[in-house]
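Please read the following note alongside the sequence and the coordinates. The points are numbered so that each can be taken up separately.

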There are 2 protein chains.
Amino acid sequence: LTGIHHQIARTIRRHDLLPSGSNVLVALSGGSDSVALTYLLLDLAPGIGFHVAGLAHLNHRLRTSAARDEAFCGDLASRLGLPLLAEAADVAGYACSQRLTVEEAARRLRYDFLARAARQVGASRIAVGHTQDDQAETFLLKLIRGAGAAGLAGIYPRRGAVVRPLLEVSRADLRRGLECRGATWVDDETNANLENPRNRIRHIVLPELDRTYGGPVRPALARAADLTRDDAMLLDDLADVVFSAVATRSGDGVELDVSPLRAEPDPIVRRVILRALEIVAGGREVGLAHVHAAVDVLAGATGGADVPGARVERRPGKLVLRSKGLLQGDTLNRS
Amino acid sequence: LTGIHHQIARTIRRHDLLPSGSNVLVALSGGSDSVALTYLLLDLAPGIGFHVAGLAHLNHRLRTSAARDEAFCGDLASRLGLPLLAEAADVAGYACSQRLTVEEAARRLRYDFLARAARQVGASRIAVGHTQDDQAETFLLKLIRGAGAAGLAGIYPRRGAVVRPLLEVSRADLRRGLECRGATWVDDETNANLENPRNRIRHIVLPELDRTYGGPVRPALARAADLTRDDAMLLDDLADVVFSAVATRSGDGVELDVSPLRAEPDPIVRRVILRALEIVAGGREVGLAHVHAAVDVLAGATGGADVPGARVERRPGKLVLRSKGLLQGDTLNRS
């Protein structure tokens with residue numbers, strides 16, 4: 001076992017990603033990260049005591065190379081003697097019908113597919129190949145898009161059944177490991193497109209930050225995400241307690257008791273309101289601007305505000321969030 | 001009054017920076033930010049009800065243009081009919097004798113000087129010219145240097161007597177305002193030096209992030225700092241309560257009760273330990289690595305660790321931080 005194996009074993013143990021005896025499904029795109037994830041989990045399975053139940057590949061049908069990628073995954077699965085669960089999705093069509101960005105539509109369809117595939121092979125865990133590079137890139141992307149602590153917390157090592165064992169290793173190290181064992185992968189040619197914000201962060205901003213700092217900044221960004229996440233999780237727990245005390249679910253929305261809520265500090269008020277907004281949003285994206293709009297209504301600065309999927313209004317003693325109805329096919333599966 | 005005036009008045013009111021009847025000393029370097037601050041506070045003083053008691057300029061004697069800057073500040077003060085408190089400091093010598101970076105030495109000498117100057121003119125507030133640009137640059141600098149939530153909280157609108165009314169306006173808007181009134185300022189020629197990390201962030205990284213986002217990212221970064229600061233202040237308050245319950249000051253250090261401390265969540269444990277480390281550090285810089293080293297000692301993973309100015313060791317039931325003695329001239333004045 002190499003240093004990468006040990007780092008991944010530490011991540012798995014620290015966050016209890018793959019308990020002894022668990023079955024894990026590995027999400028395989030065919031790119032270097034997910035191919036490395038597949039090999040590394042197979043290496044670590046006997047020592048840690050989990051079992052790789054199969055590989056899952058979703059063909060997004062967005063790129064001309066999609067068929068090549070699916071064939072590559074099929075080859076890899078049969079060479080490794082693992083079942084491959086493959087499916088094709090109409091991402092572009094789903095994005096149009098649900099009025100989502102292509103990125104958001106792909107994410108939802110992917111996690112829905114992975115949940116189904118996991119049930120099919122009896123897996124209680126789904127391993128995905130996010131790396132420390134993804135963590136740093138996501139942190140900067142959320143930062144410039146105006147995320148609060150929730151966004152800066154970045155990618156979680158575990159969310160429900162989804163686990164990310166590679167979150168503390170770099171893509172460069174993973175590729176070196178693949179090259180050492182003579183393994184191949186497919187390249188996503190769209191990763192070179194500098195029109196895409198994530199690719200600009202990856203190929204221009206992060207290298208310039210490395211030059212400014214005089215070394216790789218990726219670990220520092222990942223650590224900032226870690227610490228912000230720990231802080232956010234504690235504040236989320238505190239906000240949960242307050243939410244239970246002040247919120248009432250009604251048939252078509254949520255009502256919050258104004259007086260006890262306004263007695264809480266701002267970070268708790270914002271989180272309680274975010275929770276209520278997410279309930280009535282029915283899967284639509286809730287942003288910081290919506291939280292601020294609802295806080296203004298709470299404070300009496302405005303009488304009401306439109307938020308995703310709902311209307312927020314002030315009534316005597318209550319902040320009322322009235323849903324405009326769920327979008328068809330919405331789920332609350334979130335990575 | 002212009003839009004900038006209104007924005008600054010909002011910042012002053014929201015954070016109670018300049019209460020009615022207060023006397024404020026304005027820190028003046030001669031650069032565009034502090035010159036704008038001087039004019040804007042003079043404009044706003046009658047409406048808000050505070051009084052500008054004088055200007056203060058510290059000659060750092062680090063640049064060849066230092067004498068020109070001091071003369072410029074003298075001219076401005078006499079034109080505005082305000083007293084100028086000026087002093088020269090041997091920053092380079094202080095940095096050597098106290099083993100500090102030049103940046104850190106300048107910061108300490110500047111805030112010490114400003115505190116003395118404020119007493120001299122009977123001012124209860126010291127206004128300094130940090131802008132939203134400084135906030136965004138500081139956020140990114142701390143981020144790449146590996147700051148936790150404490151660092152990402154960035155620059156505070158108020159810390160003790162020091163207030164920052166310009167923290168929500170951009171440098172570009174301030175300069176436009178100065179140009180409109182025909183006011184001049186002096187340029188710090190070292191701001192163009194791309195060897196300096198802050199200048200690289202300002203001139204290279206932030207413009208590239210703007211291109212990636214498709215608009216200015218400065219407001220989003222400042223907002224992230226705001227939200228992180230609110231979260232950090234709440235967690236700091238919670239940690240204060242725990243610190244009081246578990247910490248005992250001894251003659252040459254601090255002792256922490258292990259059992260109740262280990263029962264707290266990680267974000268609280270880290271903050272309690274940071275507080276103890278800062279007490280024994282006697283003004284030396286305490287970093288995240290030192291907190292982690294002390295947490296390892298707390299967890300029993302290592303028997304002891306050297307931290308700034310002190311030694312941390314595990315004793316039965318106690319985490320003991322034993323000071324190696326304060327540095328001469330150290331103060332705990334922090335911006």
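1. Is Asp16(B) buried, partly exposed or exposed? The model is a predicted one, and in it Asp16(B) has a relative accessible area of 44%, so that it counts as partly exposed. Asp16(B) belongs to the loop that runs between α1 (3–14) and β1 (23–27) of chain B, and its phi is positive, at about 50°, although Asp16(B) is not a glycine. As background to that value, most residues other than glycine have a negative phi.

2. A second backbone angle to inspect is that of Arg99(A), where phi is near 50°, again a positive value in a residue other than glycine. Arg99(A) sits in the loop between α4 (91–97) and α5 (102–121) of chain A, and with a relative accessible area of 79% Arg99(A) is classed as exposed.

3. On the overall form of chain A, the secondary structure amounts to 13 helices and 11 strands. The radius of gyration of chain A is 22 Å, close to the 20 Å that the globule rule gives for 335 residues, and chain A is therefore as compact as a globular protein of that length. Taken along the principal axes, the box filled by the C-alpha atoms of chain A is roughly 70 × 45 × 45 Å. The accessible surface of chain A is about 14700 Å², and carbon and sulfur atoms contribute 51% of that surface.

4. Turning to the interior of chain A, buried residues make up 51% of its 335 residues. Among the contacts in chain A with a separation of 6 or more, 70% are accounted for by residues 24 or more positions apart.

5. The relation between the two copies can be stated with few numbers, since chain A is superposed on chain B by a rotation of 180° with 0.0 Å of shift along the axis, at an RMSD of 0.1 Å. That is the relation of a two-fold axis. Of the residues of chain A, Val205(A) comes closest to this rotation axis, its C-alpha lying at 3.2 Å. As for the surface that is used, 100% of the interface residues of chain A are also interface residues in chain B, so the copies meet through the same surface.

6. Which residues of chain A does Glu208(B) touch? Leaving aside neighbours within four places in sequence, Glu208(B) is in contact with Arg200(A), Ile204(A) and Val205(A), and Val205(A) is the residue of chain A that comes closest to the rotation axis. Glu208(B) is part of helix α9 (residues 197–213) of chain B, and at 7% relative accessibility Glu208(B) counts as buried. Within chain B, the side chain of Glu208(B) makes a polar contact of 3.0 Å with the side chain of Arg211(B).

7. The largest nonpolar core has 58 residues, of which Leu256(A), Ile273(A), Leu256(B) and Ile273(B) touch the most other members. When residues up to four places away in sequence are not counted, the contacts of Leu256(A) include Phe243(A), Val246(A), Ala247(A), Leu261(A), Val272(A) and Ile273(A), and Lys318(A) is also one of the residues that Leu256(A) touches. In general terms, nonpolar side chains in soluble globular proteins tend to be buried together.

8. Ser29(A) deserves a look for its surroundings, since this residue of the loop between β1 (23–27) and α2 (32–48) of chain A is partly exposed, with a relative accessible area of 41%. The side chain of Ser29(A) reaches the backbone nitrogen of Gly31(A) at 3.0 Å. Beyond its neighbours within four places in sequence, Ser29(A) is in contact with Ser34(A), His57(A), Asp69(A), Cys73(A) and Val186(A). The C-alpha atoms of Ser29(A) and Glu70(A) are 7.9 Å apart, with their positions 41 residues apart along the chain.

9. A last site is Asp252(B), in the loop between β7 (247–250) and β8 (253–257) of chain B, which is partly exposed at a relative accessible area of 37%. Asp252(B) and Ser323(B) are 71 residues apart in sequence, while their C-alpha atoms are 5.3 Å apart in space. Leaving aside neighbours within four places in sequence, Asp252(B) is in contact with Leu321(B), Arg322(B) and Ser323(B), and a polar contact of 3.1 Å joins the side chains of Asp252(B) and Arg322(B).

Conventions
Residues are numbered from 1 along each chain as its sequence is written. Chains are lettered from A and ligands numbered from 1 in the order in which they are written. This is a predicted model: local features need pLDDT of at least 70, side-chain atom pairs count only at pLDDT 80 or more; totals for chains, interfaces and linings use all residues. Side-chain values use heavy atoms; hydrogens and water are left out. Copies are superposed by least squares on the C-alpha atoms of residues with pLDDT of at least 70 in both. Contact means heavy atoms within 4.5 Å. A nonpolar core is a set of buried Ala, Val, Leu, Ile, Met, Phe, Trp, Tyr and Cys residues joined through side-chain atoms within 4.5 Å. Buried means under 20% relative accessible area, exposed over 50%, partly exposed in between (1.4 Å probe, protein chains only). Helices (H or I, at least four residues) and strands (E, at least two) are DSSP runs, numbered from the N terminus. A polar contact is a pair of N or O atoms within 3.5 Å; within protein, one must be able to donate a hydrogen and the other to accept it, and residues adjacent in sequence count only if both atoms are side-chain atoms. The radius of gyration is taken over C-alpha atoms; the globule rule is 2.2 Å times the number of residues to the power 0.38. Accessible areas come from the Shrake-Rupley method with a 1.4 Å probe; for residues, only the protein chains shown count as cover.
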